[in-house]
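Please open the structure in your viewer and keep the sequence panel visible. The tour proceeds by selection, one stop at a time.

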Amino acid sequence: MPQSERVVKNWVLDSSNSGGDASSAAQVHLKSKDKETPFTFTFEAVRENVFRTTFTSESHPLPPHPSVPRMERDLKSNFRVTSESSGSSKEMKIGDVTAKVDWESTTPLLSISLSESQAEPLHQDVPHRSYIVDGTGVAHYSKFNRGTLHVGLGEKAAPMNLSGRRFRLAATDSFGYDVYKTDPLYKNIPLLINATPEGCVAFFSTSHSRGEYSIGSEMDGMWGYYKVYRQDYGGLEEYILVGKTLKDIVTTYAELAGYPLLVPRWAFGYLSGGMKYSMLDDPPASEALIQLAHKMKEHGIPCSAYQMSSGYTVAEKPPKTRSVFTWNRHRFPDPEGFIKEYHRLGMRLIANVKPYVLTNHPDYEKLKEAGALFTDPHTKTTAITRLWSAGGGESGEGGHIDFTSEAGFKWWYEGVKKLRQQGIDCIWNDNNEYTITDDNWECALNQPSLVVPEKLRNRPQVGLWGRNMHTELHGKASYDALVETDPDVRPFILTRSATPGTMRYACSSWSGDNVTSWSNMKGANALSLTAGMCLMQCYGHDIGGFEGPQPSPELLLRWVQQGIYSPRFAINCFKTGQDNNVGDVIEPWMHPEITHLVRKTIKRRYALIPYLYSLMLESHKYAVPPQRWTGWGYEADPEVWTPKIMDGETQYWLGDCMLIGGVFEPGQSKAEVYLPKAGDQDEGFFNTNAPYQHFAAGQWVTVDAEWHGAGIPVLAKVGSAIPVGRDVQVLSPGESENPAELPQDDFRAVEVFPPSSGNSSGKWYTNTWYEDDGVSAASKNKISKYTLSFQAKASEMVVDLKRDESTGFKAPWKKLIVILPAGDERVVVDVSSKALPELESDDLGRKRFEVV
């Protein structure tokens, strides 16, 4: 990228924007007296821990379509705002946060501190080079906090810690990427968080423009160690979030960007996929897919949905390219009949749709005439680029849908609406990175819901508005169509690319077209943790690898074992090999010698859905990611700040209760896990696999992890309780139809993990989980709360269940089963010391008791 930096000098207070009320204490407005660079700079407090900075001019305006709504100022009365000003600086204190802006030298300098006891501020700008003009864009230089944790940017190559690296802020179709090297990947979310034991600070740009972040990857003898955000087009609007922990930052970011959407309960089951099935002509794809659903039942493997790849849209005659919103009538002679049969077999359909048309699409000319595609200013006509069309690496000429166009947005909306009316359950927004080739292509800017600043009506270039604005609007068009068709049901939109705004319309995403390898399985964990902190909290990976060789039995089983402990669990692939068109697939039974172990693992996934689904409801309510860095909530433990833990590759939390490890090399029968310690009251962990040991917190332990035996390490925190259900597909309480005759969700148990009988202190432990009907739209949804408290004694356990169903939702289960750890011989009583009925032990020999 060309560098054309200009330093804007001669800053003075802008008296016309200084304000005369009390709020002026929490803001600074500056303007430059430099006639060649007439920029303005603003800094204001909008929450007690949120600040907004702008650096703009007429040539470099605010982002025309910011990725988040403008956060209005709301400084609560219990937070006192004080400020001290001199002629060239201003310091403001809000609660524990101190912010200072100094404009005495060349450029405005910002520093942020969380408490007066800190030796150094959490954030400091680089003197003489803080906010600068860089050609058509801007840059922000700040000091690099060496030896600390930097996370974010949506989806970046492993490890999780981004320190010392440079990243392109863009999105591309990264087919077969290297999880440790490829950049960019599929997401463009310019949120960078710096976490330290003393506190955290995050910077978030609202622009959809492309750019880059250099996070200590460059330094200079004069400028020192620094990080820099470079934005290709327009001026800067940047939010600064301050908190004591990562949780503070992530939940505050959700107030700005929007809380994660509700996800249908069924979507936490196994999602099958594979390009091959929908590409078949003999037998026709619809028959092959029906056979697949029958094989699932024959092998006793529950499966909730099939991700239907775009082969269903391939033309029946040469050149056999993909045409979105069409059906290949040889492969699918009766789409509606096929969909009904799939539903009868218990599987939903998630249809792949791509936001572009080739020149041979049946509607191409209509879309071209309506102005639904971009305009090339060089030819004064519809912009043409090469687009993926048939097999891997194959392409044809066509154009992307311009979602700022009224005609383009409506055409897409109507296409999705028709698919839903035909019976398709969900929409899979794929290939939506908008990898167009010219920043000067022009947008229509006539979509009625789009707000176009008056001064920018004559600046329609995609570079300024941002390619990935269309990724967001693509999500909105699909979302609006599903809501219009079925307003009482929460829509399920799966998106490959994403911006901050996209996730207000798409409830789920994944890491794209990964590769089959042990290292890619390991690195994927780091991507999951980053995604959760950027509010993509129903996220996962293509288990077994999308591209590359078929996984060995050991690798497939290890990946399935790892994958069930993530919010999204899907096996989907396009194994090109020697066939670049149909490809091959990963099937759970592809290695007969391990099919029984794959089945057992997937059934464990289904049993865990009450726990996983409760974590999703917490995500929706509080923006706390289900999958969390090991140091989340354990910031006082020095070990979590060491490189191995900050890399985020080998272990993570799943909720508050489960610490998940992994095995990432073949032939390994043991694995090492670090058990974080929150404080002296921490009572340690229980190994949920044989030999079922208790471990003290604050140490590295080595546990048995034979791939065809214990499996990967899964440790439960002592004092925790994990709700579980049936290990098969069930009917969500809110579903009105049951074509597959699924059983009701009327069984609930809780696996409890008390301290060992020899270490029981009589302490009470309390665990809460959430449930709802699994399908209702957010505006109509009712979430109920269930709390199990237990007290562990030497020979017995006392339990107390509280059902809070005051919202109106009543769970279909009437009894709760308490399951003790393997080897625990205690009895269970209620709070009145009455012994609870003991049931037959389960297949692991665990004692079970019934709570009415």
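Begin by selecting Gln307 together with Ile350 of strand S22, which is its bridge partner. Please bear in mind that this is a predicted model.

Next, extend the selection to strands S21 (305-308) and S22 (348-353). The two strands run parallel and are joined by four bridges.

Now display the side chains of S21. Which of them point the same way as Gln307? Ala305 and Gln307 point one way from the strand, whereas Tyr306 and Met308 point the other way. In a regular strand, side chains alternate between the two faces of the sheet. All four of these S21 residues are buried.

Add strand S20, residues 270-273. S20 pairs with S21 in the parallel sense, over three bridges. To find a point of alignment, select Leu271, which stands opposite Ala305 in S21.

Turn next to helix H4, residues 335-344. Which residues of H4 are buried? They are Pro335, Phe338, Ile339 and Tyr342. Because these residues cover an arc of only 100° around the axis, they lie on the same side of H4.

What covers the buried residues of H4? Select helix H3 (285-298) and helix H6 (406-422), which are among the covering elements, as are S21 and S22.

Proceed to Gly346, which follows H4. Its phi is positive, near 90°.

Finally, show S21, H4 and S22 together: they make a right-handed β-α-β unit. Within this unit, return to Gln307 and Ile350, the bridge partners with which the tour began.

Terms used
Residues are numbered from 1 along each chain as its sequence is written. This is a predicted model: local features need pLDDT of at least 70, side-chain atom pairs count only at pLDDT 80 or more; totals for chains, interfaces and linings use all residues. Side-chain values use heavy atoms; hydrogens and water are left out. Buried means under 20% relative accessible area, exposed over 50%, partly exposed in between (1.4 Å probe, protein chains only). The arc is that of the directions from the helix axis to the C-beta atoms. Contact means heavy atoms within 4.5 Å. Two strands pair if DSSP finds at least two bridges between them. A crossover is right-handed if, with the strands pointing away from the viewer, the path from the first strand over the helix to the second runs clockwise.
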